[in-house]
Amino acid sequence: MAPGPEIFKEQSVPFKMRIRGTVNGKKVTITGQGSGDARTGKMRGKWVVSEPDVCPMSYAALQPTFGYGYRVYGQYPDNVIQWFQQCMPEGYTQRRITRFTRMSGNDQVDEEGTLTTFQTIRLEEAMTDGKKSWVCTNDTTMEANFREGSVLLQAGSLTLSSPSSVEKVVPFENGLKNYVQLFYPLKDSSGDVIIANQITTNRPLFLSQSIPLPPPHWKRVEVVQYKHHDEPKDHIGQEETNQFYEFEPCNEWTEVAMPRIVETKGSSKTKAPDANIFKQQSVPLKMRIEGTVNGKKMVINGQGAGDARIGELKGKWICSEPDTCPMSWDALHPTFGYGFRVFGHYPDHIVQFFYECMPEGYTQRRITRFTRMSGNDIIGEEGTMNTMHTIKLEEGLVDGKPGWYCDNKVTLEANFKEGSVLLKNDALAMLQPSSIEKAIPFEHGLKNYCQFFYPIKDSDGDVIIATQMTQNHPISSNKSIPLPPAHWKRVECKQFKDPLEKKDHIVQDEINKYYEFKN
């Protein structure tokens, strides 16, 4: 009799994988074997290319196919359902599309190409080390289509980041959907990076049995790849740790005073403060958004204050045209808060690029593409939002007295699918943390990549996913701004109403901090 989920709780389990498919139309076959231990979340294996003689694509870009394909080995705490194990012995399927872009490219999500895989994972009896045992088998079909000349067509061109991935897992119908961005630095020391946006759908093979679903959660993966010196064929060894990851809830909220700011015309009467102002005190903020939503004019004004010493900012944003905000307030939260990255908290040993740009300031160009979990997995199918920010220190009246504030002028263009929930200002909610963002040095500024997850309030668990790219540049060309190393940022955000405010509005309280993953 075939064992069930308990086998993964009692012992390590061997695996075998066979990948058959094409890379730019040419046949490829890869076989792999090894073992995994769900008690620790660790797995180890070796994958050998049997056709052609040399792997025709990046081994680093194949890392999720090798390891993520065996989510059944992921470690979960006892109080969270390990859905993949519960599908055994019948198993589950895994449909995945990965879209590749290059940081130095044109910010199209698939400009470097796509990789589509379909995997069937189950427990089967097979010969292992000369004896019969139960083996986790993985039969994979693959189709890769990459841009001619892409570094993805070179087996050893890319490296892995750490952590290799931080993935969001969301219940979907009778299975799961999983969203992640992966980052592969080029080995040529250029500082360039390949970014992969990956969507995975898992379903049980045994459809007559109801498999309980876990709540939305995060998974963290660490991977190393290496060569076996005694293997004559082209191959890669891979070790992976795949574990449930829990972010500690933020307990650092404070009461942030929100001053009233009035712009003043004419030349400044005092010397503009530099980056030190953000290290010494909270700083008032002012924002004006002018733009269009599906071609119709929208104007939003916001005021508040931020404190980079703790990473918190709070403000109130009022829609002045039209009378009611024509799009989701939740989907605007990155424009309000992320637009003021200058208030993000960093440890002393990491450069806070944004306030080093002050007082001259910095620009922020952003494109956000929206997808619906129940849709067709096309990034941007619900619509797009483009914003351009100019953030600098300005002098004005703060609570009636002369003072300096952080000014943020924004132009916005949003184009959403007709009937989309993004066109309703109260249809979405937020998951916490609201985002985990990767920041990477680029040219003389930064590029930042993240995804947001907005549950749809009046749906059966449906979610809007926002895939966002942000580019920041200093305004001043007369001073050299030091750049931080690649790093992660974590954001928690609350939105609520002011009972005394009669106009359509939102109050937003946000904490934005540099983040180091715990071991």
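## Two domains and their interface

The C-alpha centres of domain 1 and domain 2 lie 33 Å apart. This is a predicted model, and the domain assignment places domain 1 at residues 5–246 and domain 2 at residues 275–513 of the protein chain. Where the two meet, 27 residues of domain 1 are in contact with 27 residues of domain 2. Together they bury about 2300 Å² between them, with carbon and sulfur atoms giving 65% of that area.

On the domain 1 side, three residues are worth finding in the viewer: Met103, Asp107 and Tyr179 supply 26% of the area that domain 1 buries against domain 2, more than any other three residues. There are charged pairs here too, as 4 salt bridges are found across the interface of domain 1 and domain 2. Aspartate 107 also forms a salt bridge with arginine 365, and the closest N and O atoms of that pair are 2.8 Å apart.

## Two nonpolar cores

Turning to the interior, the largest nonpolar core has 59 residues, and Phe278, Ile300 and Met327 have the most contacts inside it. Strand S18 (residues 401–416) contributes the largest share of this core, with 6 residues. A second, separate core has 55 residues, including Phe8, Phe15, Cys136 and Leu158.

Isoleucine 300 is a good place to look around the largest core. Leaving aside neighbours within four places in sequence, isoleucine 300 is in contact with Met287, Arg288, Ile289, Trp317, Ile318, Cys319, Cys325, Trp329, Leu332 and Phe336.

## Strand S4 and its partners

Strand S4 (residues 92–102) has 10 of its 11 residues buried, so it is largely enclosed by the rest of the structure. Follow S4 to its pairing partners and you will find strand S5 (residues 113–128), which pairs with S4 in the antiparallel sense over 9 bridges. Threonine 93 stands opposite threonine 120 in S5.

S4 also runs antiparallel to strand S9 (residues 193–204), and 11 bridges join these two. Here glutamine 94 has asparagine 202 of S9 as its bridge partner.

## Threonine 140 and arginine 20

Threonine 140 sits in strand S6 (residues 131–146), and it is buried, with a relative accessible area of 0%. Not counting residues up to four places away in sequence, threonine 140 touches Met17, Arg18, Ile19, Arg20, Thr65, Thr117, Phe118 and Gln119.

One of those neighbours, arginine 20, belongs to strand S1 (residues 13–23). With a relative accessible area of 38%, arginine 20 is partly exposed. Its contacts, leaving aside neighbours within four places in sequence, are Val28, Thr29, Asp139, Thr140, Thr141 and Met142. For a sense of scale, the C-alpha atoms of arginine 20 and lysine 503 are separated by 59 Å, and the two residues are 483 residues apart along the chain.

## Tryptophan 253 in its loop

Tryptophan 253 lies in the loop between strand S11 (235–245) and strand S12 (261–263). At 23% relative accessibility, tryptophan 253 counts as partly exposed; the cut-off for buried is under 20%.

Which residues does tryptophan 253 touch, not counting residues up to four places away in sequence? They are Glu312, Glu492, Cys493, Lys494, Asp509, Glu510 and Ile511. The C-alpha atoms of tryptophan 253 and isoleucine 310 are separated by 9.0 Å, although these residues are 57 residues apart along the chain.

Notes: Residues are numbered from 1 along each chain as its sequence is written. This is a predicted model: local features need pLDDT of at least 70, side-chain atom pairs count only at pLDDT 80 or more; totals for chains, interfaces and linings use all residues. Side-chain values use heavy atoms; hydrogens and water are left out. Helices (H or I, at least four residues) and strands (E, at least two) are DSSP runs, numbered from the N terminus. Buried means under 20% relative accessible area, exposed over 50%, partly exposed in between (1.4 Å probe, protein chains only). Contact means heavy atoms within 4.5 Å. A nonpolar core is a set of buried Ala, Val, Leu, Ile, Met, Phe, Trp, Tyr and Cys residues joined through side-chain atoms within 4.5 Å. Two strands pair if DSSP finds at least two bridges between them. Domain bounds come from an automatic or database domain assignment. Buried area is the accessible area (1.4 Å probe) that two parts lose on being put together, summed over both. A salt bridge is a side-chain nitrogen of Lys or Arg within 4 Å of a carboxyl oxygen of Asp or Glu.
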